[in-house]
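Reader: Hello! I am new to this structure and would love a close look at one part of it. Could you walk me through the open sheet and what lies around it?

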Amino acid sequence: MKRVALCLLLLLWSAPAGATSEARPADEVGINEKLGATIPADLQLNDETGQKVFLRQLIDKPTVLTLNYFRCAGICTPQLNDLVRTLNTIDLEPGKDFQVITVSFDSTDTPDLAAAKRTNYLKLLKRPFPPTAWRFLTGDEASTKALANTVGFGFKKDRDAFIHPGALIVLSPQGKVTRYMYGITYLPADLKMAVGEAASGLARPSISKALSFCFSYDPQGRKYVVNFTRVAGLVTLVLAGAFAVFVLLPSRKRSRTEGAHS
């Protein structure tokens with residue numbers, strides 16, 4: 001069994017780095033999970049009236065954080081629309097059990113535009129939803145970039161737009177990252193579970209992170225696509241491991257038999 005394990009370890013060690021490593025450059029577009037990271041206490045943003053606010057002071061309950069920009073013609077609107085759909089069905093009380101904070105990472109977005117966005121999305125909600133339970137914040141480039149770096153949200157400017165991933169980032173009442181929910185559509189049960197875990201301060205690895213290994217973000221198509229290189233590498237490793245077990249186990253059985261007859 002030791003020989004089999006050693007063989008598998010050698011195969012994994014010799015695998016291409018891109019197939020086994022999740023490390024991402026700091027400026028790469030995508031999510032670099034930072035579970036357990038805490039929002040800096042001195043991080044200041046602008047609220048919908050233009051007043052400076054410390055983000056940590058707003059986070060006093062489980063918080064669903066979204067990073068978007070308000071002129072986005074790509075995934076931001078579908079993401080926030082689906083979040084509305086999910087919030088309409090989740091059986092938790094907004095403003096008490098949880099809140100939502102949307103932060104624009106485009107420094108040209110203004111508090112007036114943030115206020116208009118909040119008004120529009122609150123109108124889409126078909127349940128009582130206090131305005132204070134969904135905040136739309138803006139900020140200068142340094143502040144919003146610092147927030148994005150803290151939670152592992154990688155984006156970059158592309159001419160007059162931004163290339164960025166789509167995800168919900170769930171924070172504990174202490175401002176700690178406890179869960180990532182990938183994509184732009186969400187299940188109410190998943191969000192409810194994530195909020196419950198955040199209330200307890202539990203940081204859970206994302207099941208979707210394993211799936212994200214097989215998918216890459218396509219900035220041109222603004223969607224996630226299958227990463228065939230990674231999938232092929234994973235399949236190769238599995239087949240190589242199975243072959244090693246197939247070859248080595250009979251050899252070991254023969255050795256035992258020969259030992260018993262000697």
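Author: Happily; what follows is a tour of the sheet, then of a helix lying across it, and then of some salt bridges. Please keep in mind that this is a predicted model.

Let us begin with the sheet itself. It is an open sheet of 5 strands, arranged in the order 6-5-4-10-11, and the pairing is mixed. At its edges you will find strand 6 (134-137) and strand 11 (177-182), each of which pairs on one side only. On average, neighbouring strands here are turned by 20° against each other, direction ignored.

Now look at one of the edges. Strand 11 pairs with strand 10 (residues 167-171) in the antiparallel sense, over 5 bridges. To find your bearings there, look for Ala167, which stands opposite Tyr182 in strand 11.

Next, move along to strand 4 (residues 63-68), where Thr66 has its place. Is Thr66 buried or exposed? Its relative accessible area is 0%, so Thr66 counts as buried, the cut-off being under 20%. Leaving aside neighbours within four places in sequence, the residues in contact with Thr66 are Leu80, Leu83, Ile101, Thr102, Val103 and Leu168.

With the sheet in view, turn to helix 7. This helix lies across strand 4, strand 10 and strand 11, and it runs at about 170° to strand 11. Helix 7 also offers a salt bridge to follow: the side chain of Lys192 meets that of Asp91, at 3.1 Å from N to O. This pair links distant parts of the chain, with Lys192 in helix 7 (residues 188-200) and Asp91 in the loop between helix 4 and strand 5 (99-104), 101 residues apart. Lys192 is partly exposed at 36% relative accessibility, whereas Asp91 is exposed, with a relative accessible area of 55%.

Helix 4 has a salt bridge as well. There, Asp82 is joined to Arg85, with 2.8 Å between the closest N and O atoms. The two are 3 residues apart in helix 4 (residues 76-89), so about one helical turn separates them. Asp82 counts as buried at 11% relative accessibility, while Arg85 is partly exposed at 38%.

Two more stops remain. Asp60 and Lys61 meet through their side chains in a salt bridge of 2.8 Å, N to O, and Lys61 is buried at 14% relative accessibility. Finally, a network of salt bridges links Asp47, Glu48, Arg118 and Arg135. Across the whole structure, a search finds 10 salt bridges.

Note on methods:
Residues numbered from 1 in each chain as written. Predicted model: local features only at pLDDT ≥ 70, side-chain atom pairs only at ≥ 80, totals over all residues. Heavy atoms only, no water. Helix = DSSP H or I, 4+ residues; strand = E, 2+ residues; numbered from the N terminus. Buried < 20%, exposed > 50% of the residue type's maximum accessible area, 1.4 Å probe, protein only. Contact = heavy atoms within 4.5 Å. Salt bridge = Lys/Arg side-chain N within 4 Å of Asp/Glu carboxyl O. Pairing = 2+ DSSP bridges. Axes fitted to C-alpha atoms, helices over the stretch in contact; angles between N-to-C directions.
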